[in-house]
Amino acid sequence: MKEIEENGIKIIGDDVITKKSNAFYNKDRANERTLNVQLIKLLASKNLIKYGSIGLDLLSATGIRGIRLFLESGVFNDFILNDIKTSKVIEHNLKINNLNLKVESKDARKLIIGKFDYIDIDPFGSPLSYLSAAILNSKLGTILGITATDTAALYGSAPKAAIRKYFAQTLKTSYYNEEGLRILLYNIERIANIYNFSVEPICYLVEKHYLRVYVRLTKYRRKEIGYIYQCINCPNRSFEECKKCDVCGGEMKRIGPLWLETTINKDITRNLSNYLVSENYPYSTYFLKEQNEIAIPWYFTTDEIAKYEKKPEKKLTLYLKFGNPTPLNPKGFKTTLSFKEILSLTNSG
Ligand SMILES: C[S@@+](CC[C@H](N)C(=O)[O-])C[C@H]1O[C@@H](n2cnc3c(N)ncnc32)[C@H](O)[C@@H]1O
C-alpha cells in the first residue's frame, strides 16, 4: 500500500477501500488542513477553545485532518475519528503514526456520543444532513468546521436544488460565491436555532468548488436574515423589496433567505492574517482581504460595471476609494455605496 506524507504524518489513502481517486490529498487540501490547525491554535490562544479539548471528526476518510489537529495544534487531549466506510484505513493510519485514538464506523447522522469542543463536518456535497447530529454532539462554545462542495446549488446554477436543499431562492450573480456563503450560513443558523443555539461566524475559505466556514455555537440570539433584490439586466441590487430596477427598469429578482450579518470575527481574521503573512503562507493575501470584510452581502466586479457602461474595464484600484477588495474575486470590491452612486462617482471626473 502506497504511503503519502502530509506535514510529516504518514497516511495510506482511503482509495484502498473506496476505489475513488484521492482527490483530497492534493496540495490545496493539505494547505487548507494546515490553515485548520493554525486557526485552532489561534482560537485556543484567545480562549475560544480550551487547551485539553476533545474533538470529533464526523467524516474522517483517512483520518488525516483529525490526526493533524491532534498532533500539531497542542489543543486536544483526545480526538474521535468516524467514517462509515473507512475505519480500517483510519485504524491503519493511527497505527503507523503510533497513535491510540478512538475510531467509530457509524453513519454520522446517527452518531450521538458526547459533548465535544470541536466538530468537523467535511462531506462530499452538502453538510446539512449532518448538522443536527453535529449540534447534538455540541455544547455552548463548540467550534464547528463545516465544508460544502455542492456549489452548483449554492452558487445559483441549480436553483431547484437550492430550494430543495437550502430553502433558498438563488440567482447566477457576479457575487455568486458570497451568495453561496451566506445561504450556507443562514442554513447553519436555522438548524442551530432548532436546538436553541445560534452561530457566530469566525472565518471562511471559499475556493472554486469548495466552501468552508468556521462557526462558534452561542446562546440563541435573533440574527439578521433576509433577502437581496437583484436586477436581472444590470448590476443594481438592493435590500429594499422592489420589482423594478431604478437604474435600468429591469426586473428585480429576490435572492434568499440569506445571512446578512458579518461573516467573520475581525480579531481572529486579523491575527490569522498577520500570522500567515509572517510565515509567507499560501492563504496570506486571501486573509489580508478577509480581515477587512464589511457586512454587505455582495460585492461588485470591475467587469460587470464595464459591461453595463459599455466602456473598457477599469482597474480595481480605481474602485478601492469606495471600499475594500474581497478575497472572493480578484476583480471584486465591497462597498456600502449603491450601484447608482458608484456610477455617478466614477463618471463625475
Ligand atoms: C470528503 S471525505 C472527508 C475528508 C476528510 N475530512 C479530510 O480532510 O481528508 C468524506 C467522507 O465521508 C464519508 N461518509 C459519507 N457518508 C457518511 C455517513 N453517512 N456517515 C459517516 N461517514 C460518511 C465517506 O466515506 C468519506 O470518507
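Helices here are DSSP runs of H or I at least four residues long, numbered from the N terminus. With that settled, select Leu184, which lies in helix α8, residues 176–194. Keep in mind throughout that you're looking at a predicted model.

**Stop 1: Leu184 in α8**

Is Leu184 buried or exposed? Its relative accessible area is 0%, and since anything under 20% counts as buried, Leu184 is buried. Now show what packs around it. Leaving out neighbours within four places in sequence, Leu184 is in contact with Pro127, Ala148, Leu154, Tyr166, Leu211 and Val213. If you like distance labels, draw one from the C-alpha of Leu184 to the C-alpha of Ser126: the two are 58 residues apart along the chain and 9.3 Å apart in the model.

**Stop 2: the seven-stranded sheet**

Switch to cartoon and pick out the open sheet of 7 strands. Reading across, the order is β5-β4-β3-β6-β7-β9-β8, and the pairing is mixed. At the edges you'll find β5 (103–104) and β8 (197–207), each pairing on one side only.

Zoom in on β3, residues 53–57: 5 bridges join β3 to β4, and these two run parallel. One pair to highlight is Ser53 with its bridge partner in β4, Phe76. While you have β4 (residues 76–82) selected, colour it by accessibility: 5 of its 7 residues are buried, so the strand is mostly covered.

Next, slide over to β6 (residues 118–121) and β7 (residues 143–148). They run parallel too, joined by 4 bridges. Ile121 has Ile146 as its bridge partner in β7.

**Stop 3: Asp117, in the loop before β6**

Select Asp117, in the loop between β5 and β6. Its relative accessibility is 8%, so it counts as buried. What does the side chain of Asp117 make a polar contact with? Look for the side chain of Lys50, at 3.1 Å. A polar atom of the Asp117 side chain also sits 2.8 Å from the backbone nitrogen of Ile54. Turn on the wider surroundings and, residues up to four places away in sequence aside, Asp117 touches Ile49, Lys50, Ser53, Ile54, Lys139, Gly141, Thr142 and Ile143. Ser53 should be familiar: that's the residue bridged to Phe76 in β4.

**Stop 4: Ser138, in the loop before β7**

Now jump to Ser138, in the loop between α5 (128–136) and β7. Ser138 counts as buried, because its relative accessibility is 2%. Show its side chain and look for the backbone oxygen of Ala134, which it reaches at 2.7 Å. Beyond four places in sequence, the contacts of Ser138 are Gly114, Lys115, Phe116, Ile119, Leu144 and Leu217. Gly114 is worth a label: its C-alpha is 7.6 Å from that of Ser138, with their positions 24 residues apart in sequence.

**Stop 5: the ligand**

Centre on the ligand and expand the selection to its shell. How many residues surround the ligand? There are 21, and the closest are Arg33, Asp83, Asp107, Ala108 and Asp122. Colour the shell by class and you get 10 nonpolar, 2 polar and 9 charged residues.

Then go through the polar atoms, starting with the ligand nitrogens:

- One nitrogen atom of the ligand is 2.8 Å from an N or O atom in the side chain of Asp122.
- A ligand nitrogen is 3.2 Å from a polar backbone atom of Ile84.
- In the side chain of Tyr130, an N or O atom is 3.3 Å from a nitrogen atom of the ligand.

Switch on a surface here: on its own the ligand has 600 Å² of accessible area, and the protein covers 93% of that.

**Stop 6: Asn31 in α2**

Select Asn31, found in helix α2 (residues 27–45). At 16% relative accessibility, Asn31 counts as buried, given that the cut-off is 20%. What does Asn31 touch, once residues up to four places away in sequence are set aside? Tyr281, Pro282 and Tyr283.

**Stop 7: the three-stranded sheet**

Finish at the open sheet made of 3 strands, ordered β13-β15-β14, with antiparallel pairing. Its edge strands are β13 (300–301) and β14 (323–325), each pairing on one side only. Between β13 and β15 (residues 332–335) there are 2 bridges, and the two strands run antiparallel. For a last pair to click on, take Phe300, which stands opposite Phe333 in β15.

Notes:
Residues are numbered from 1 along each chain as its sequence is written. This is a predicted model: local features need pLDDT of at least 70, side-chain atom pairs count only at pLDDT 80 or more; totals for chains, interfaces and linings use all residues. Side-chain values use heavy atoms; hydrogens and water are left out. A residue is near a molecule or strand if one of its heavy atoms lies within 4 Å of it. A polar contact is a pair of N or O atoms within 3.5 Å; within protein, one must be able to donate a hydrogen and the other to accept it, and residues adjacent in sequence count only if both atoms are side-chain atoms. Accessible areas come from the Shrake-Rupley method with a 1.4 Å probe; for residues, only the protein chains shown count as cover. Ala, Val, Leu, Ile, Met, Phe, Trp, Tyr, Cys and Pro count as nonpolar, Asp, Glu, Lys and Arg as charged, and the others, Gly among them, as polar. Buried means under 20% relative accessible area, exposed over 50%, partly exposed in between (1.4 Å probe, protein chains only). Contact means heavy atoms within 4.5 Å. Two strands pair if DSSP finds at least two bridges between them.
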